[in-house]
Amino acid sequence: MATKISISFRTGKSTLFNAVAFFKLWSPSSNVTFPPPATMITNGHRSVCTKQIQQSQISVSNQSAFNISVPGFPVDSPLSGLEDVMIGYILGKTKATEVAHLAWKYIVQEGDTVVDATCGNGHDTLALVKLVTADKTQRGRVYSLDVQKFALEKTLALLDESLDKDEKEIVKLVETCHSKMHEVVPKGEPVRVVAFNLGYLPGGDKALITGPKTTLMALESAKDLLTHGGLISVVGYVGHPGGREEFETVLEFGSRLPVDEWSCCELRMLNRPLAPVLVFMFKR
Ligand code: SAH
């Protein structure tokens, strides 16, 4: 028999972070259990689970409604993959960049405009293209920026081998500093995600590195370009000279964004002080 659980969210766009709180409610296995009665508080809303769940259906109301059925794993649910990625991160197996990609997956809608502020080898650009063209009915737009031609060439090569012609057409590769992103994105075009993967190009010239001054300018640009319901996503590195200082700038920027308009968080490994650090800044 199906047991129905309703969970309310104050904002539909905070699905990822709220969802983490209750991901144990569902699993691919058919016997999902928790002690009855179980009470969960998610984002200030309370949901009481009164039964052991054999087969469950969860509906989430308030903007982002979705249904999960167990068994019959929710392959098309926005929650798919959440458990693996977050548990993988907690267990020290999933990379910070994968967690960033997961966050984008929950934020980006098909047809959106997004910016890769540091395209490097193109992995982030590729992930973003896939999200904005999910079922190919709308095209979306990806602006990918880098200061070095070599990075743009690497990105282009990756896109050539991974995408079809239509998908490639939505990407605009631009050789420029990300502090100029407002000159790249057409005026009035709402941006859903601005993604930063700071530092230097893996396998490239370590002198061509992001720095606090231009990163801060780029964050300011991103803040203004971003639409409500959009996300600034930063993967930062503190292990190289200047990295910590740059990352402090990112933290300061996020910390002073007003709480009524922004939700900002940091995710990092406590006992791996040099591991990449994630910062998410969500514009409500
Ligand atoms: N996102 C990439 C990795 C990025 S590495 C991937 O998925 O592979 C960081 C990149 O930032 C490098 O390619 C470097 O050239 C670029 N970069 C450094 N300073 C920059 C700046 N001011 N504006 C834009 N890109 C910059």
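1. Two residues are in contact if their C-beta atoms, placed from the backbone, lie within 7 Å. On that footing, L128 touches W104, V114, D116, V142, V193 and A195, leaving aside residues up to four places away in sequence. A quick caveat before going on: this is a predicted model, so local features need pLDDT of at least 70, side-chain atom pairs count only at pLDDT 80 or more, and totals for chains, interfaces and linings use all residues. Numbering starts from 1 along each chain, as its sequence is written.

2. Overall make-up. I find 9 helices and 12 strands in the protein; these are DSSP runs numbered from the N terminus, with helices being H or I of at least four residues and strands E of at least two. Of the 284 residues, 36% count as buried (20 or more other C-beta atoms within 10 Å of the residue's own; exposed is 12 or fewer, partly exposed in between, with C-beta atoms placed from the backbone). Among contacts with a separation of 6 or more, 70% come from residues 24 or more positions apart.

3. The sheet. Here 7 strands form an open sheet, ordered β8-β7-β6-β9-β10-β12-β11, with mixed pairing (strands pair if DSSP finds at least two bridges between them). β8 (171-175) and β11 (262-267) stand at the edges with a single partner strand each, so one side of each has no neighbour in the sheet. From one strand to the next the twist averages 10° (axes are lines fitted to C-alpha atoms, for helices over the stretch in contact, and angles run from 0 to 180 degrees between N-to-C directions).

4. Around β9. All 7 of the 7 residues of β9 are buried, so the strand is largely enclosed by the rest of the structure. β6 (residues 113-116) runs parallel to β9, joined by 4 bridges, and T113 stands opposite V191 there. β9 also pairs with β10 in the parallel sense, over 6 bridges; A195 has S233 in β10 as its bridge partner.

5. On to β12. β10 (residues 226-236) and β12 (residues 277-283) run antiparallel and share 7 bridges. In that pairing, G230 stands opposite K283 in β12.

6. Helices on the sheet. α8 (residues 212-225) packs on the sheet, touching β9 (191-197) and β10, and its direction makes about 155° with that of β10. α5 (residues 149-162) lies across β7 and β8, running at about 165° to β8.

7. α4 and the core. 8 of the 10 residues of α4 are buried, so this helix is largely enclosed by the rest of the structure; D124, T125 and L126 are among them. L128 is also buried, and in the largest nonpolar core, of 54 residues, W104, V115, L128, V193, V194 and A195 touch the most other members. Such a core is a set of buried Ala, Val, Leu, Ile, Met, Phe, Trp, Tyr and Cys residues joined through C-beta atoms within 7 Å.

8. The ligand. 22 residues surround the ligand, the closest being T118, G120, N121, H123 and N197 (a residue is near if its C-beta atom, placed from the backbone, lies within 6 Å). α4 (123-132) and β7 (141-146) each supply at least two residues of this shell. By class the shell has 9 nonpolar, 11 polar and 2 charged residues, where Ala, Val, Leu, Ile, Met, Phe, Trp, Tyr, Cys and Pro count as nonpolar, Asp, Glu, Lys and Arg as charged, and the others, Gly among them, as polar.
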